[in-house]
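I'm opening a fresh notebook page for a structure I haven't looked at before. Short entries, in the order I looked things up.

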Amino acid sequence: MIADPLQRIQDLMRAGHIDEARQAAEQITRGDPNNAHAWFLLGSAMFALGRPVMAVEPLRRARALIPNNQAITQHLYRTLIQAAQRLESMSQFSGAETLYCEAVALDSGSIPARICLGRLLSAAGRYQDARVQLHEVLSRHSEQPEACATLALSYEYEGDYQQALAVLQNLLARRPVAPVVALVYAVLAKHNGEESAAVALLEELVTTPMEESLRGDIHFALGKLYDSLGDFALAFEQYRLGNRLLSFKYDPEQTKKTFNAIIAAFA
């Protein structure tokens, strides 16, 4: 008899009625807390609603009830990474680290979770801890671009620019250069007097197919490089091109309304 309400939840989700599916799944879990599939559907609904942090616990409950189910484990893994990224964006770094570590524990061969954890630890100044995670990735995939780029940034943060550049050398010698590697090279260029070489690389790369958000990052990096070289007209043009690719659109009237509301609310 349990299959019918579970099927209804799946039908609701397929039809795009995600919040209704969430409510139905919550109702089942309240009455039957050992129903792993209801917990899984609840976590899936939360995830689909853009609430990865709230999706984690239902998926944990589902996995605790069926620990060997690969679909549940993989969904929990992906959700942990997105939830950690959400917490990281909110400056909740301790919580983000905990979730990244949980994702790594779920999949010891994980690349995305270890790279994200390495980036977080580097930004926190815990360079050695970060490098443990990144070297674990590189021990299996010796020139994984994101791992190399994140490792190079850990040295850049610490001020060891030559070592940072050494990490990227093999990848910079290849064509095409991975955009994430080129972007880190652009950061290092100002320390090593290689701004012109970085400009040439990025100008070549920006014409190749890639995600628009990544193309925007390259335009902004070029803007900084041209600014450093004193070519302010070209710098401004690159910033203009980058801004055109931003998904965020600034609304000055809405900003004015927001500040007027704040002024009205507080003396």
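**Entry 1: a ruler for helices.** Before anything else I need a yardstick: the expected span of a helix is 1.5 Å times one less than its number of residues. I tried it on helix H3 (residues 36-48), which has 13 residues. From the first C-alpha of H3 to the last I get 18 Å, close to the 18 Å expected. I should also jot down that this is a predicted model.

**Entry 2: the whole thing.** How many helices and strands does the protein have? I find 15 helices and 0 strands. The C-alpha atoms fill a box of roughly 70 × 55 × 40 Å along the principal axes. There are 267 residues, and 41% of them count as buried. I also looked at contacts with a separation of 6 or more: residues 24 or more positions apart account for 45% of these.

**Entry 3: back to H3.** I wanted to know how covered H3 is. Mostly covered, it turns out: 10 of its 13 residues are buried. The list runs Ala36, Ala38, Trp39, Phe40, Leu41, Leu42, Gly43, Ser44, Ala45 and Met46.

**Entry 4: helix H5.** Next I put the ruler on H5, which covers residues 70-89. Its 20 residues should span 28 Å at 1.5 Å a residue, and the end C-alpha atoms are 29 Å apart, so the two agree. The buried residues I noted in H5 are Ile72, Thr73, His75, Leu76, Tyr77, Thr79, Leu80, Ile81, Ala83, Ala84, Leu87 and Glu88. What lies over them? The cover includes H3, H4, H6 and H7.

**Entry 5: one residue of H5.** I picked out threonine 79, which sits in H5. Is threonine 79 buried or exposed? It is buried, because its relative accessible area is 0% and the cut-off for buried is under 20%. Leaving out residues up to four places away in sequence, threonine 79 touches Phe47, Pro52, Ala55, Val56 and Leu59.

**Entry 6: H4 against H5.** Helix H4 (residues 52-65) deserved its own look, next to H5. The axes of H4 and H5 come within 8 Å and cross at roughly 155°. Angles over 145 degrees count as roughly antiparallel, so that is what I call H4 and H5. H4 passes H5 in a left-handed crossing. From H4 the contact uses Pro52, Val53, Ala55, Val56, Leu59, Arg60, Ala62 and Arg63. From H5 it uses Ile72, Thr73, His75, Leu76, Thr79, Leu80, Gln82, Ala83, Arg86 and Leu87. Sorted by class, the residues of this contact are 11 nonpolar, 4 polar and 3 charged.

**Entry 7: just past H5.** In the loop between H5 and H6 I stopped at serine 91. Serine 91 has a positive phi of about 65°, although it is not a glycine.

**Entry 8: helix H8.** I went on to H8 (residues 127-140) and used the ruler again. With 14 residues at 1.5 Å a residue, H8 should span 20 Å, and its end C-alpha atoms are 20 Å apart, so this one agrees too. Its buried residues are Tyr127, Ala130, Arg131, Gln133, Leu134, Val137 and Leu138. Covering them I find, among others, helix H6 (93-106), helix H7 (112-123) and helix H9 (145-158).

**Entry 9: a cis bond.** Which two residues are joined by a cis peptide bond? They are arginine 175 and proline 176, with omega about -5°. Proline 176 is in the loop between helix H10 (161-172) and helix H11 (179-192).

**Entry 10: H12 against H13.** I looked at another helix pair further along. The axes of H12 (residues 195-205) and H13 come within 10 Å and cross at roughly 150°. That makes H12 roughly antiparallel to H13. The crossing of H12 past H13 is left-handed. On the H12 side I listed Glu195, Ser196, Ala198, Val199, Leu202, Glu203 and Leu205. They meet Ile218, Ala221, Leu222, Leu225, Tyr226, Ser228 and Leu229 of H13. By class I get 10 nonpolar, 2 polar and 2 charged residues in this contact.

**Entry 11: glutamate 212.** My last stop was glutamate 212, in H13 (residues 212-229). It counts as partly exposed because its relative accessibility is 43%. I also checked its distance to alanine 123, which is 89 residues away along the chain: their C-alpha atoms are separated by 25 Å.

Terms used: Residues numbered from 1 in each chain as written. Predicted model: local features only at pLDDT ≥ 70, side-chain atom pairs only at ≥ 80, totals over all residues. Heavy atoms only, no water. Helix = DSSP H or I, 4+ residues; strand = E, 2+ residues; numbered from the N terminus. Buried < 20%, exposed > 50% of the residue type's maximum accessible area, 1.4 Å probe, protein only. Contact = heavy atoms within 4.5 Å. Axes fitted to C-alpha atoms, helices over the stretch in contact; angles between N-to-C directions. Parallel < 35°, antiparallel > 145°, perpendicular 65-115°, else oblique. Left-handed = near helix turned anticlockwise from the far one by under 90°. Nonpolar A, V, L, I, M, F, W, Y, C, P; charged D, E, K, R; others polar.
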